[in-house]
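Good morning, colleagues. I would like to take a few minutes to go through one structure with you. Please have the sequence and the model in view as I speak.

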Amino acid sequence: MYRYQVTLSIALVLLYCVTETSSENRKGQSPCDQLLLGQYLCDDPEIDPETQQAQGCNPDNRTVPVTCRPAVDITCIHNGTPRNSTTGFKKHVPCNWTNGHKFETALLLSIFLGMFGIDRFYLGYPAIGLVKFATLGFMFLGQLIDILLIATQVVKPSDGSEYVIDYYGAATTRVMMDNETRLRVQIDGGT
């Protein structure tokens, strides 16, 4: 009876070791889109010299495909084929879609001709531009507010595009919280 228990225990330990080894092998063979940050390195997208943003930016989902490579000793699966640090894979990264409206032009129009609504006409808001023209920029108060809104990039072109700003220029990014945001709980029990 004792011999049977020892044999069964050894068999269970061996089975556990085999499953752990195979699960470690599967960790290196995970899908490429599930790799964590630091497990891959992506190339920078090609920059369009006219718009100073990534070439080929899709206006619908605002992403651009770039080539990424897993880190050394990491292999992942992309479209059914194993990829490593030499072969790489394509990944869609966020980009700013622009449609030719320059930030500097909008700001200068708002400063010097904002009382006539020219800034709003330039950005594609003709109704607000006409009201500003008729009321002399809401008696200059609307002009001041528009200067602040354009300078802080709250008011953007009406087609939903971003301003043309230097790639490493003074662009702003809104930090928002949504269903995909994860809150990290502090270890000491605070929130």
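I shall discuss the sheet, then a pair of packed helices, and finally the salt bridges. Please keep in mind that this is a predicted model.

Let us begin with the sheet. It is open, with 3 strands in the order E1-E2-E5 and antiparallel pairing. Which strands stand at the edges? They are E1, residues 40–42, and E5, residues 89–94; each has a single partner strand, so one side of each is left without a neighbour in the sheet. From one strand to the next, the twist averages 45°.

I turn now to the pairings themselves. As a reminder, strands of a sheet pair through backbone hydrogen bonds, in either a parallel or an antiparallel manner. Between E1 and E2 there are 3 bridges, and these two strands run antiparallel. Strand E2, residues 63–70, is joined to E5 by 6 bridges, again in an antiparallel arrangement.

Individual positions help to fix the register. Cys 42 lies opposite Cys 68 of E2. On the E5 side, Cys 68 has Phe 89 as its bridge partner. Cys 68 is therefore a useful residue to locate on your screens, with Cys 42 opposite and Phe 89 as its bridge partner in E5. A further pair is Thr 63, whose bridge partner in E5 is Pro 94.Next, the helices. At what angle do H2 and H6 pack? Helix H2, residues 103–113, and helix H6, residues 141–151, pack at about 165°, with their axes 9 Å apart. Since angles over 145 degrees count as roughly antiparallel, that makes H2 roughly antiparallel to H6. Their crossing is left-handed.

Which residues make this contact? From H2 come Phe 103, Ala 106, Leu 107, Ser 110 and Ile 111, while H6 supplies Gln 143, Asp 146, Ile 147, Ile 150 and Ala 151. By class, the residues of the contact divide into 7 nonpolar, 2 polar and 1 charged.

Finally, the salt bridges. With a cut-off of 4 Å between nitrogen and carboxyl oxygen, the count comes to 6. One of them joins the side chains of Lys 132 and Asp 119, at 3.2 Å from N to O. This pair links distant parts of the chain: Lys 132 belongs to helix H4, residues 126–134, and Asp 119 to helix H3, residues 118–123, with the two positions 13 residues apart in numbering.

That concludes my remarks, and I welcome your questions.

Terms used
Residues are numbered from 1 along each chain as its sequence is written. This is a predicted model: local features need pLDDT of at least 70, side-chain atom pairs count only at pLDDT 80 or more; totals for chains, interfaces and linings use all residues. Side-chain values use heavy atoms; hydrogens and water are left out. Axes are lines fitted to C-alpha atoms, for helices over the stretch in contact, and angles run from 0 to 180 degrees between N-to-C directions. Helices (H or I, at least four residues) and strands (E, at least two) are DSSP runs, numbered from the N terminus. Angles under 35 degrees count as roughly parallel, over 145 as roughly antiparallel, 65 to 115 as roughly perpendicular and the rest as oblique. A crossing is left-handed if the near helix is turned anticlockwise from the far one by less than a right angle, and right-handed if clockwise. Contact means heavy atoms within 4.5 Å. Ala, Val, Leu, Ile, Met, Phe, Trp, Tyr, Cys and Pro count as nonpolar, Asp, Glu, Lys and Arg as charged, and the others, Gly among them, as polar. Two strands pair if DSSP finds at least two bridges between them.
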